[in-house]
Amino acid sequence: MIKVGLTGGIGSGKTTVSQIFKERGIAVFNSDVCAREAEKETHIQEGYKRILGEDVYVEGQIDRANIRAILFTDKDKLQQVNKLVTPYIKQKFEKFCEDNADHQIVMLESAILFETDSVKNFDYIITVTASENTRIKRVMTRDNSTLEDVLNKLKNQLPELEKIGKSNFIVINDGYDLADSIEILAKQVDAIHKAIKYDMVAKAASELADTLHDTTKELDN
């Protein structure tokens, strides 16, 4: 089984890209959804209160607006929360891989693969990127955020060039027209999908050749 990590900064469109991969038959695990499920766990709730304060829960319900306001202005607390939740996500992803053992390729979508040093657990890393102005406009429109809010979020994420330099594949998502954008993204996804499958076949052939070579040597001896 090949494990692929899909990441990208806020507003890059990584969820759209992951959906296209899913349509190609790849099993996709969404870490953001998993992180929300983690909030139901008692030890996670206690950790949130310890790190962020008791008032992050109102009448037993998590106050997301309050949490976002804290995490996107305090990098230290953001790192603490990531360390709290990441082991839970890792465990659930491992179970996801077991449940999808019939798939050749499984993918984890996460905004913080590099920030949590999770990249070492994957065979390939794909980064979805777009210009900063494009990402800012998308997030402001999507979340009804101010420019200051979005810039604070960007400051707490790894610079785009650094992520790109550490990735195996890049998807550029600078399109404005939705239909055209999806078509362009689909072409990039198909090219990456084909490259990964070709690499899988090449590696399998190389391993087979090595095995045959070793077997031949043993027979000759």
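Trainee: Which strand holds Thr-129?
Mentor: This is a predicted model, where local features need pLDDT of at least 70, side-chain atom pairs count only at pLDDT 80 or more, and totals for chains, interfaces and linings use all residues. Residues are numbered from 1 along each chain as its sequence is written, and side-chain values use heavy atoms, with hydrogens and water left out. Strands here are DSSP runs of E with at least two residues, helices are runs of H or I with at least four, and both are numbered from the N terminus. Residues 124–129 form one such strand, and Thr-129 sits in it: β6.

Trainee: Is Thr-129 buried or exposed?
Mentor: Buried means under 20% relative accessible area, exposed means over 50%, and partly exposed is in between, using a 1.4 Å probe and protein chains only. Thr-129 has 8% relative accessibility, so the verdict is buried.

Trainee: What does the side chain of Thr-129 join in a polar contact?
Mentor: A polar contact is a pair of N or O atoms within 3.5 Å; within protein, one must be able to donate a hydrogen and the other to accept it, and residues adjacent in sequence count only if both atoms are side-chain atoms. Contact in general means heavy atoms within 4.5 Å. Leaving aside residues up to four places away in sequence, Thr-129 touches Ser-12, Glu-160, Ile-164, Ile-170, Val-171, Ile-172 and Asn-173. The polar contact, at 2.5 Å, is with the side chain of Glu-160.

Trainee: And Asp-117, how far is its C-alpha from that of Ile-67?
Mentor: Asp-117 lies in the loop between β5 (105–109) and β6. Asp-117 is partly exposed, at a relative accessible area of 43%. Along the chain Asp-117 and Ile-67 are 50 residues apart, and their C-alpha atoms are separated by 23 Å.

Trainee: At what angle do α2 and α5 pack?
Mentor: Axes are lines fitted to C-alpha atoms, for helices over the stretch in contact, and angles run from 0 to 180 degrees between N-to-C directions. For α2 (residues 31–38) and α5 (residues 75–99), the axes are 10 Å apart and the angle is about 115 degrees.

Trainee: Which residues of α5 make that contact?
Mentor: On the α2 side there are Ser-31, Cys-34, Ala-35, Glu-37 and Ala-38. From α5 come Val-85, Tyr-88, Ile-89 and Lys-92.

Trainee: Zooming out, what percentage of the residues count as buried?
Mentor: The protein has nine helices and seven strands. Its C-alpha trace spans about 75 × 45 × 30 Å along the principal axes. Of the 221 residues, the buried share is 41%.
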